[in-house]
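This report examines selected parts of a protein chain, one region at a time. Please keep the sequence and the model in view while reading.

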Amino acid sequence: MNFPSELKYTKDHEWVRIEGNEAYVGITDFAQRELGDIVYIDINTVGDEVTKDDVFGTVEAVKTVSDLFMPVTGTVLETNAALNDNPELVNTDPYGQGWMVKVAVADAAQVEGLLTADAYKALVGA
């Protein structure tokens, strides 16, 4: 399993990559492996401010549907349009082409409260 050290993580298995005042958010390699083959991503929160830990969408796999939780409070700027036709990108490249939303971060201090790669690795027992 892959745990890029430049990312931050949540106990709900989302990752965050900070770029200036914006953040890219997706689900971790661990999460996509647990879910199995992903067939649909449903995110309809573009333009909305979503509070930390609130649901911003769902990910549907062959066997289950799982909520996506916002790691930091922010306004959803865009969704990854590539996932509309290729949701399996979350399985094949969860930290790259499989990102889900881009967010304008409202409170940068919240990022510091997220897990490091090592802490997340310990959480999932890897």
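## Thr-73 and its surroundings

In this predicted model, Thr-73 lies in the loop that connects strand 7 (65–69) with strand 8 (74–79). Its relative accessibility is 12%, and because the limit for a buried residue is under 20%, Thr-73 counts as buried.

Which backbone atom does the side chain of Thr-73 reach? The partner is the backbone nitrogen of Lys-52, at 2.9 Å. Beyond its neighbours within four places in sequence, Thr-73 is in contact with several residues, among them Glu-49, Val-50, Thr-51 and Lys-52. Its contacts also include Ala-104, Val-105, Ala-106, Asp-107 and Gln-110.

## The sheet of six strands

Strand 8 belongs to an open sheet of 6 strands, arranged in the order 1-2-3-9-8-5 with antiparallel pairing. Strand 1 and strand 5 (49–50) each have a single partner strand and stand at the edges, so one side of each has no neighbour in the sheet. In general, the strands of a sheet pair through backbone hydrogen bonds, in either a parallel or an antiparallel manner.

At one end of this order, strand 5 pairs with strand 8 in the antiparallel sense over 2 bridges. Within this pair, Glu-49 stands opposite Thr-75 in strand 8. Glu-49 is also one of the residues in contact with Thr-73.

## Val-101 in strand 9

Strand 9 (residues 101–105) contains Val-101. Is Val-101 buried or exposed? Its relative accessibility is 0%, so Val-101 counts as buried.

Val-101 and Ala-23 are 78 residues apart along the chain, while their C-alpha atoms are separated by 8.2 Å. Ala-23 is among the residues in contact with Val-101 when neighbours within four places in sequence are left aside. The other contacts are Tyr-24, Val-25, Ile-43, Phe-56, Met-70, Val-76, Glu-78 and Thr-79.

## The sheet of three strands

A further open sheet has 3 strands in the order 4-6-7, again with antiparallel pairing. Strand 4 (38–42) and strand 7 form its edges; each has a single partner strand, so one side of each is left without a neighbour in the sheet. On average, neighbouring strands of this sheet are turned by 25 degrees against each other, direction ignored.

Strand 4 is joined to strand 6 (residues 55–61) by 4 bridges, and the two run antiparallel. Ile-38 has Ala-61 as its bridge partner in strand 6, and Ile-41 stands opposite Val-59. Strand 6 is in turn joined to strand 7 by 5 bridges, also in the antiparallel sense. Val-59 stands opposite Ser-66 in strand 7. Val-59 therefore faces a residue on either hand: Ile-41 and Ser-66.

## The hairpin and Lys-63

Strand 6 and strand 7 are connected by a hairpin through 3 residues. Lys-63 is placed in the loop between these two strands. With a relative accessible area of 80%, Lys-63 is exposed.

An unreviewed UniProt entry annotates Lys-63 as "modified residue: N6-lipoyllysine". UniProt also lists residues 22–104 as "domain: Lipoyl-binding", likewise in an unreviewed entry. Over residues 22–104 the chain is 18% helix and 42% strand. The C-alpha atoms at the two ends of this stretch are 5 Å apart.

## Asn-86 between two helices

Asn-86 occupies the loop between helix 2 (82–85) and helix 3 (89–92). Its relative accessible area is 32%, so Asn-86 is partly exposed. Asn-86 and Gln-97 are separated by 11 residues in sequence, and their C-alpha atoms are 9.9 Å apart in space.

## The two sides of helix 5

Which residues of helix 5 (residues 117–124) are buried? They are Ala-117, Tyr-120 and Val-124. Viewed down the helix axis, these buried residues fall within an arc of 65 degrees, so they line one face of helix 5. On the other side of the helix, Asp-118 and Ala-122 are exposed.

The buried residues of helix 5 pack against strand 1 (8–9) and helix 1 (29–35). Strand 1 is also an edge strand of the sheet of 6 strands. After helix 5 comes Gly-125, which has a positive phi, near 70 degrees.

Technical notes
Residues numbered from 1 in each chain as written. Heavy atoms only, no water. UniProt positions renumbered as here; feature names shortened; annotations may be inferred. Buried < 20%, exposed > 50% of the residue type's maximum accessible area, 1.4 Å probe, protein only. Polar contact = N/O pair within 3.5 Å; in protein donor to acceptor, adjacent residues only side chain to side chain. Contact = heavy atoms within 4.5 Å. Pairing = 2+ DSSP bridges. Axes fitted to C-alpha atoms, helices over the stretch in contact; angles between N-to-C directions. Arc of directions from axis to C-beta.
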